[in-house]
Amino acid sequence: MTKEEQYIQFVDDYKRLISGETEEVSAMANTSAAIHDEFHFFWVGFYIVKADKLILGPFQGPVACSTIRFGKGVCGTAWKEQKTQVVPDVEQFPGHIACSSLSRSEIVVPVFANNEVKAVLDIDSTQLNTFDAIDRKYLEQVASILADTIYNKE
Ligand code: SME
């Protein structure tokens, strides 16, 4: 199975998993667990916008930094620019926040409600160049399904 086929299957299963869930914490917890279980990434989790900073939300993996300021690190940049950040080598990303020295590449996807960033989905890998346009496309779909479920309540 290619990575894209794996994501297509994953997104299909994910829709069923998350359907009807209205609690932010529960939905984020199961989203992190489902992605981690399927793809075995080093760290999968959420940072949630609270006033002027991001606070650590549900995640799977080692303990992590509990707050990140607007515009700081990869997560704060995704929030500020309202855009997915794909980082092939974290050492090349100015201001990258190293919660773990084992993390080598990263993707951060904003979760939007009413055109506002409500949270970010952050995934770290211990390998360089783990994430590409395929990860971006399908993880953005996951973020959008999650937002529709818990914020837009479609
Ligand atoms: N590396 C992130 C911080 C969060 S951890 O990777 C879990 C960043 O630069 O925003």
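Which residues touch the most other members of the largest nonpolar core? In this predicted model, Ile 35 and Ile 123 hold that place among the 31 residues of the core. At least two residues of this core come from each of α1 (3-18), α2 (24-39), β1, β5, β6 and α4 (133-150), and the largest share, eight residues, is supplied by α4. Apart from this core lies another one, of 14 residues, which includes Tyr 47, Ile 68, Trp 79 and Val 117.

**The sheet**

Six strands form an open sheet, whose order is β3-β2-β1-β6-β5-β4 and whose pairing is antiparallel. The edges are taken by β3 (67-69) and β4 (85-87), each of which has a single partner strand, so that one side of each is left without a neighbour in the sheet. From one strand to the next, the twist averages 25°.

The table lists three of the strand pairings, each with its bridges and one pair of residues that face each other.

| Strand pair | Bridges | Opposite residues |
|---|---|---|
| β1 (residues 43-50) and β6 | six | Ile 48 and Ala 119 |
| β5 (residues 105-113) and β6 | nine | Ser 105 and Ser 125 |
| β2 (residues 53-60) and β3 | three | Lys 53 and Arg 69 |

Strand β6 (residues 116-125), which pairs with β1 and with β5, is mostly covered, eight of its ten residues being buried. The hairpin of β5 and β6 has two residues between the strands, and Asn 114 takes a positive phi near 50° there.

Two helices can be placed against this sheet. Helix α2 packs on the sheet and touches β1, β2 and β6, with a direction that makes about 155° with that of β1. Helix α4 also packs on the sheet, where it touches β1, β4, β5 and β6, and its direction makes about 35° with that of β5.

**Surroundings of Ile 123**

When neighbours within four places in sequence are left aside, Ile 123 is in contact with Ile 35, Phe 41, Trp 43, Val 44, Ser 105, Glu 106, Ile 107, Phe 131 and Leu 139. Three of the aromatic residues in this list, Phe 41, Trp 43 and Phe 131, return in the ring pairs described next.

**Aromatic pairs**

The structure holds nine aromatic pairs. A pair of aromatic rings is described by the distance of the centres and the angle of the planes. For Phe 41 and Phe 131, the ring centres are 5.2 Å apart and the planes stand at 55°, so the pair is tilted. This pair links distant parts of the chain, since Phe 41 lies in the loop between α2 and β1 while Phe 131 lies in the loop between β6 and α4, 90 residues apart. Both Phe 41 and Phe 131 are buried.

In the pair formed by Trp 43 and Tyr 47, the ring centres are 6.0 Å apart and the planes are at 25°, so this pair is stacked. Burial is assigned to residues under 20% relative accessible area; Trp 43, with 5%, is therefore buried, and Tyr 47, at 1% relative accessibility, counts as buried too.

Ring pairs also link Tyr 7, Phe 10, Tyr 14, Phe 39, Phe 41, Phe 131 and Tyr 138 into a cluster, in which Phe 41 and Phe 131 appear again. A contact of another kind involves Lys 118, whose charged end sits over the ring of Tyr 151, 5.1 Å from its centre.

Terms used. Residues are numbered from 1 along each chain as its sequence is written. This is a predicted model: local features need pLDDT of at least 70, side-chain atom pairs count only at pLDDT 80 or more; totals for chains, interfaces and linings use all residues. Side-chain values use heavy atoms; hydrogens and water are left out. Buried means under 20% relative accessible area, exposed over 50%, partly exposed in between (1.4 Å probe, protein chains only). Helices (H or I, at least four residues) and strands (E, at least two) are DSSP runs, numbered from the N terminus. Two strands pair if DSSP finds at least two bridges between them. A nonpolar core is a set of buried Ala, Val, Leu, Ile, Met, Phe, Trp, Tyr and Cys residues joined through side-chain atoms within 4.5 Å. Contact means heavy atoms within 4.5 Å. Rings of Phe, Tyr and Trp (its six-membered ring) pair if their centres lie within 6.5 Å; planes under 30 degrees apart count as stacked, over 60 as edge-to-face and the rest as tilted. A charge sits over a ring if NZ of Lys or CZ of Arg is within 6 Å of the ring centre and within 35 degrees of the ring normal. Axes are lines fitted to C-alpha atoms, for helices over the stretch in contact, and angles run from 0 to 180 degrees between N-to-C directions.
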